[in-house]
Amino acid sequence: MIEKIYEEKKIKVVDLNLWSRNPRFPPKYYDKPQNELLEYLLNVSNYDIKILAREIVDEFELPQFEKLAVFNDNKTFIGLEGNRRITAYKLLINPKLTSDLETRLYFEQLKSKISINDSFSLECIVSMQFDKVIKYVERKHLKNNNEKPWGQIERGHAKYILLDNNSKKVLLEKELFEIVNNLDIKETEKDDILGRGFVTSFFRILGNSSAFEILKLHFDDDKKLISEDPLFNEKLKQIISDVLQKREFKNKIISRLTTEDIKDYLNSIKIEIVTPEIKQNLGNVKKDKDDTNNQNNIKDKEGDKNGQTTQTTVNNENKPVIKTSSDATIPKPVSKPNPSKNSRNRLIDKKPVLKISSVKINNIYRELRDHLLLDDSNKSVPNAVGVLFRVFLEVSLDEYALKNMGGYLFSQNDNISKKINVITEDLITHCNYKKSEFESIRTVASSSKYQSYLSIEKFHQYVHSGTVEPSSGELKSKWNHLSRFFEILWLEINKKENS
């Protein structure tokens, strides 16, 4: 009879032991008691036990994806692989296993969302031969289960594809706002392309699946939009120019292009790079520089007559000149009045209306919404708006903590980033919001996103920097992305006050 080396069986989590010789533990933890091992895994930030537990709760209805590898020494079941999962499940079953009161409360709140108790079990691969179980561990952690992992581009595509439609839209728009705001084009062009009348068409083109393929776009691990095309910015300028000038492609205006039309339009964008050597050769052939300029001007004018558009990036004499063009054409003029520009001239849209019971905070909100101008006039006050916007964010966070978290008061050392993280976690845990609702506000709190125009660092610069000034477009873009967070925040505050 052949000896059975491995056995598949369900084992209660309360009967599973952590392996003290697990490579995750330093040598001083070898043979330590189970409670010390659990506390160690819980308190190493890189192991993300809290995040893992929340993911388990969020996806509790899913079947177990991967079995644990367990050694049976005739007395105990020792998890040689899966110690993070064992720790998370043990704490969900019994939050009192941790001595930290704040962490205990966190797991009690998670436990309340699922049905889990001492009888809860996990599927395991069990063997009484230690070396056989180690082979299982080796295959996973040292050989990556012989899988070919996704590269950066595949991961970026997958993260975007797997998002729900609303999250995709929010993420893409947020990244495009940032990219456009960093382009070397006129501020008025940035405001226009991101304003009413143009932004929808712009996002339709860049949000098309063909754009990701043709422009070599993907999201990296930090959900930042990346292009592998070194001339992406130049092509983006061409798209912006075509949209702003309402050019036509296949006898349709840009805003009316079908999915297939957008693919053909993006493929029609052409790049011409004139290097210093080519310019020198051209100079030797031409009579003189003036003749060259005149002929180029004539050629450009002829191109405009034919409806073709050309964007030119001019550098100094030692750098290449990059020219972009597309097959989009200038529509024939028709006799009709110029459309009026209907963009808001203040930070906050009239809708939705935030109901704010605090007199001071409501006064700040009303000043931002009704009084402080963000337009092209000399009465525009972007610096004042930027400073007051930051104040409105912080006092709103403080008000939520006070009203909805049992009178919780942040300490003087708690920065806005910490406040955002604490409160969004509370909204997810207690109010059942999805994480995707807080993509934009988490960007504000994230230190890894400090270069983003949404980042808290930008808010701080509005107050403390002697040189950084926010533009009207940047401030309105911030509100567009953060307004949903304020709406949720004050909705929940009002619920608590009326309960």
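Residues 24 or more positions apart supply 67% of this chain's contacts that have a separation of 6 or more. The model is predicted, and its protein chain holds 20 helices and 12 strands. Of the 499 residues in the chain, 44% are buried. Here is a friendly tour, starting with confidence and then moving from the cores to single residues.

**Confidence**

- The mean pLDDT of the protein chain is 82, and 82% of its residues reach 70 or more.
- Residues 298-306 fall below a pLDDT of 50, and this stretch has three contacts in the model beyond near neighbours in sequence.
- The pLDDT is also below 50 over residues 336-342, where the model again shows three contacts beyond near neighbours in sequence.
- Where pLDDT is low, the predicted coordinates should not be read in detail, so please view such stretches with that in mind.

**Nonpolar cores**

- The largest nonpolar core counts 80 residues, and I239, Y265, F392 and L393 have the most contacts inside it.
- The top contributor to this core is helix α20 (residues 472-498), which gives nine residues.
- F392 is a good place to start looking: setting aside residues up to four places away in sequence, F392 touches L354, I356, I361, I364, Y365, L368, W479, F486 and W490.
- A second core, separate from the one around F392, has 33 residues, among them F77, L92, I93 and I116.
- As background, nonpolar side chains tend to be buried together in soluble globular proteins.

**Strand β5 and its partners**

- Strand β5 (residues 121-127) is largely enclosed by the rest of the structure, because five of its seven residues are buried.
- Strand β1 (residues 7-12) pairs with β5 in the antiparallel sense, over six bridges.
- Within β5, the residue opposite K12 is S121.
- Strand β3 (residues 68-72) runs parallel to β5, and four bridges join the two.
- A69 has I125 of β5 as its bridge partner.

**Helices α1 and α2**

- In helix α1 (residues 34-43), the buried residues are L37, L38, E39, L41 and L42.
- The elements covering those α1 residues include β2 (16-18), α2 (49-58), α3 (83-93) and α4 (101-111).
- Helix α2 has its own buried set: I49, L52, A53, R54, I56 and V57.
- Cover for the buried residues of α2 comes from elements including α1, α3, α4 and α17 (416-431).
- Each of these two helices thus appears in the cover of the other: α2 is listed for α1, and α1 is listed for α2.

**Helix α16 and the residue after it**

- Helix α16 (residues 382-404) is 23 residues long, and the distance from its first C-alpha to its last is 32 Å, close to the 33 Å expected at 1.5 Å a residue.
- G406, just after α16, takes a positive phi of about 65°.

**Positive phi away from glycine**

- D31 is not a glycine, yet has a positive phi of about 65°.
- D31 sits in the loop between β2 and α1, and counts as exposed because its relative accessibility is 59%.
- K216, also not a glycine, has a positive phi of about 55°.
- The loop between α10 (209-214) and β6 (217-219) holds K216, which counts as partly exposed at 46% relative accessibility.

**Two acidic residues to inspect**

- D349 is placed in the loop between β12 (321-326) and α15 (359-371).
- The side chains of D349 and R344 are joined by a polar contact of 3.4 Å.
- Apart from neighbours within four places in sequence, D349 is in contact with R196, R344, R369, W479 and N480.
- W479 is also one of the residues that F392 touches, so you can follow W479 from F392 to D349.
- E439 lies in helix α18 (residues 439-445) and, at 13% relative accessibility, counts as buried.
- Leaving out neighbours within four places in sequence, E439 is in contact with V170, K174 and K223.

Definitions and conventions: Residues numbered from 1 in each chain as written. Heavy atoms only, no water. Core = buried A, V, L, I, M, F, W, Y, C linked by side-chain atoms within 4.5 Å. Buried < 20%, exposed > 50% of the residue type's maximum accessible area, 1.4 Å probe, protein only. Contact = heavy atoms within 4.5 Å. Expected span 1.5 Å × (residues − 1). pLDDT = per-residue confidence, 0-100. Pairing = 2+ DSSP bridges. Polar contact = N/O pair within 3.5 Å; in protein donor to acceptor, adjacent residues only side chain to side chain.
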